[in-house]
Amino acid sequence: MTYEQIAEKYGVTKGAVYLQLRDSKQTSKRKDHSKYIPWTVKTSHAQARPNAMLRLYSRRAQGETLPEVKARMLDKWLAEIKEANVVVCYNREQVPNPASETGGWYYSRRRPSDGDNLIRFEPEPDAEAPAQAPDPRDSESV
């Protein structure tokens, strides 16, 4: 049964079901997505498409079978990334842009040093220097 089904059956919330199962050590361990999302992502950026797709990619890479709809979404996004020849990048101060209307996430043209990686992890720039929206005409950002 799902948490939702259990909650409905006993008239409690899904959160209460999870807490009871967690406390009795009956929940599965959370998947670690840090290989593909090594950044500390702002809550306001968590629902952005790049983050959602990287989480799906991580789940697949860890052997999880994705629901058919989500697998198709992921495959379409991966094809788009490959066709555009870009990698996914993240900067907490990044302004809204085509990759994420809430900011944070952006796409950057693939460099030889990126290899086959989906992401480029770079240290955060100085907090003093606000990020600029990527310019599609720039050879580095998309």
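**Entry 1: helix α3**

I began just past α3, where Gly 63 follows the helix with a positive phi, near 90°. I note here that the model is predicted.

Next I looked up the helix itself. α3 has 13 residues. From its first C-alpha to its last it reaches 18 Å, close to the 18 Å expected at 1.5 Å a residue.

Which residues of α3 are buried? I found Pro 50, Asn 51, Met 53, Leu 54, Leu 56 and Ser 58. I then checked what these buried residues pack against. Their partners are α4 (68–84), β1 and β2.

**Entry 2: aromatic pairs**

I searched the whole structure for aromatic pairs and got six. One of them is Tyr 36 with Tyr 57, an edge-to-face pair. The centres are 5.0 Å apart and the planes stand at 90°. I looked up where the two residues sit. Tyr 36 is in the loop between α2 (14–23) and α3 (49–61), while Tyr 57 is in helix α3. They are 21 residues apart, and the pair links distant parts of the chain.

I then asked why Tyr 36 counts as buried. Its relative accessibility is 16%, and the cut-off for buried is under 20%, so Tyr 36 qualifies. Tyr 57 has a relative accessible area of 25%, so I logged Tyr 57 as partly exposed.

My second pair was Trp 39 and Tyr 90. Why is this pair called tilted? The planes meet at 50°, and tilted covers what is neither under 30 degrees nor over 60, so the label fits. The ring centres are 5.9 Å apart. Trp 39 lies in the loop between α2 and α3, and Tyr 90 lies in strand β1 (residues 86–90). The pair therefore ties together parts that are 51 residues apart in sequence.

Are Trp 39 and Tyr 90 buried or exposed? Both are buried. I also traced the cluster they belong to. Trp 39, Tyr 90, Trp 105 and Phe 121 form one aromatic cluster.

**Entry 3: the loop after β1**

Last, I turned to Gln 94. This residue lies in the loop between β1 and β2 (105–109). I checked its accessibility. Gln 94 is at 6%, and buried means under 20%, so Gln 94 counts as buried.

I also looked at the backbone here. How far apart are the C-alpha atoms of Gln 94 and Gly 104? They are separated by 4.5 Å, though the two residues are 10 apart along the chain.

Methods
Residues numbered from 1 in each chain as written. Predicted model: local features only at pLDDT ≥ 70, side-chain atom pairs only at ≥ 80, totals over all residues. Heavy atoms only, no water. Phe/Tyr/Trp six-rings, centres within 6.5 Å; stacked < 30°, edge-to-face > 60°. Helix = DSSP H or I, 4+ residues; strand = E, 2+ residues; numbered from the N terminus. Buried < 20%, exposed > 50% of the residue type's maximum accessible area, 1.4 Å probe, protein only. Expected span 1.5 Å × (residues − 1). Contact = heavy atoms within 4.5 Å.
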